[in-house]
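Visitor: I am new to reading models of this kind. Could you take me through the words used for this one?

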Amino acid sequence: MAERYHDSWEPVLKPLMKQDYMRRLSLYVQQERRSSLVFPPEELVFNAFKLTAFDAVKVVILGQDPYHNDGQAHGLSFSVPKGMALPPSLRNIYAELATDIPGFTIPSAGDLTSWAQQGVLLLNATLTVRAHEAASHQKKGWEEFTDQIIRQISEKRNNVVFILWGSYAQKKSVLIDESKHLVLKAVHPSPLSVYRGFFGCQHFSKANAYLLSAGKSAIDWQP
């Protein structure tokens with residue numbers, strides 16, 4: 001499994017992989033893959049940890065589940081591979097970026113790999129899902145695993161921006177030491193809630209301002 005994530009995550013992930021709940025989760029996901037279609041593909045489940053090194057994390061954007069339609073999920077929250085239509089939430093994220101970041105132009109592709117490579121950990125709370133069944137792998141162990149990831153980043157890193165959209169993500173703020181990190185909260189960018197405070201939240205420019213104030217480089221949000 002080590003080849004699926006960056007070496008810098010080894011001290012964090014290796015102890016977690018040995019936990020009983022992770023063994024049970026692994027067996028569950030293997031059984032699911034034998035009996036049904038599961039997203040993302042096995043080699044991309046830990047893609048966020050492969051593209052963003054632990055010691056390079058500057059921003060965490062927390063999602064809930066992988067996309068559950070064919071070809072969408074590739075292990076990065078809110079992101080879809082090149083060639084896929086933009087999901088509604090990502091369209092709204094781009095719309096906010098266009099008003100928040102000078103010069104940002106809305107792209108036709110939804111692949112956010114370039115964000116990940118700059119230190120934006122695009123983390124879903126649940127890392128797998130049964131095809132076409134939203135939330136089908138919730139409460140099987142993934143949340144315990146990703147909660148530990150958030151805790152470890154909070155404890156071992158400094159001046160990280162945690163971006164929490166929607167009530168589900170905002171509940172994770174209890175895992176974060178806000179005396180040493182910036183936590184940004186807003187409603188979810190889905191069409192159901194986007195006009196209730198996501199548009200105009202300016203999280204991207206606020207994140208960059210904080211990073212610069214901490215002596216770090218800003219994120220180029222143009223994918």
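**Core, cavity and annotated site**

Guide: This is a predicted model. Its largest nonpolar core has 66 residues, and W9, F49, F145, I149 and W221 are those with the most contacts inside it.

Visitor: Why is this set called a nonpolar core?

Guide: A set earns that name because its members are buried residues of kinds such as Val, Phe and Trp, joined through side-chain atoms within 4.5 Å. In soluble globular proteins, nonpolar side chains tend to be buried together.

Visitor: Which residues does W221 touch?

Guide: Leaving out residues up to four places away in sequence, W221 touches V59, I61, L97, I101, F104, W115, V120, F204, A207 and N208.

Visitor: Why is V194 called buried or exposed?

Guide: Buried means under 20% relative accessible area. V194 has 2%, so V194 is buried. V194 lies in the loop between strand 6 (182-186) and helix 8 (203-213). Apart from neighbours within four places in sequence, V194 is in contact with N92, H188, P189 and F199.

Visitor: What makes a space a cavity?

Guide: A space is called a cavity because a 1.4 Å probe fits there but cannot get out. The structure holds one cavity of 30 Å³ or more. About 50 Å³ of space lies in the largest cavity.

Visitor: Which residues line the largest cavity?

Guide: The lining is made of V45, A48, F49, P66, G75, L76, L122, L123, N124 and L127. Helix 3 (47-51) and strand 3 (120-124) are the elements that give two or more residues to this lining. Strand 3 supplies the largest share, three residues.

Visitor: How many residues of each class are in that lining?

Guide: Eight are nonpolar, two are polar and none is charged. G75 is in the lining, and Gly counts as polar.

Visitor: Which residue is covered by the annotation "active site"?

Guide: The UniProt annotation, from an unreviewed entry, covers D65. Such annotations may be inferred rather than shown by experiment. In the model, D65 is found in the loop between strand 2 (59-63) and helix 4 (88-100). Not counting residues up to four places away in sequence, D65 touches N124, T126, A135 and Q138. N124 also belongs to the lining of the largest cavity.

Visitor: Which residues does UniProt list for the domain?

Guide: For "domain: Uracil-DNA glycosylase-like", the unreviewed UniProt entry lists residues 50-211. In the model, this span is 30% helix and 14% strand, and its end C-alpha atoms lie 22 Å apart.

Terms used
Residues are numbered from 1 along each chain as its sequence is written. This is a predicted model: local features need pLDDT of at least 70, side-chain atom pairs count only at pLDDT 80 or more; totals for chains, interfaces and linings use all residues. Side-chain values use heavy atoms; hydrogens and water are left out. Helices (H or I, at least four residues) and strands (E, at least two) are DSSP runs, numbered from the N terminus. Buried means under 20% relative accessible area, exposed over 50%, partly exposed in between (1.4 Å probe, protein chains only). Contact means heavy atoms within 4.5 Å. On a 1 Å grid over the protein atoms alone, a cavity is a set of points where a 1.4 Å probe fits but cannot get out, and a pocket is an open set with protein on both sides within 12 Å along at least five of seven lines; lining residues have an atom within 4 Å of a point. Grid points are joined across faces, edges and corners, and a volume is the space filled by probe spheres set on the points.
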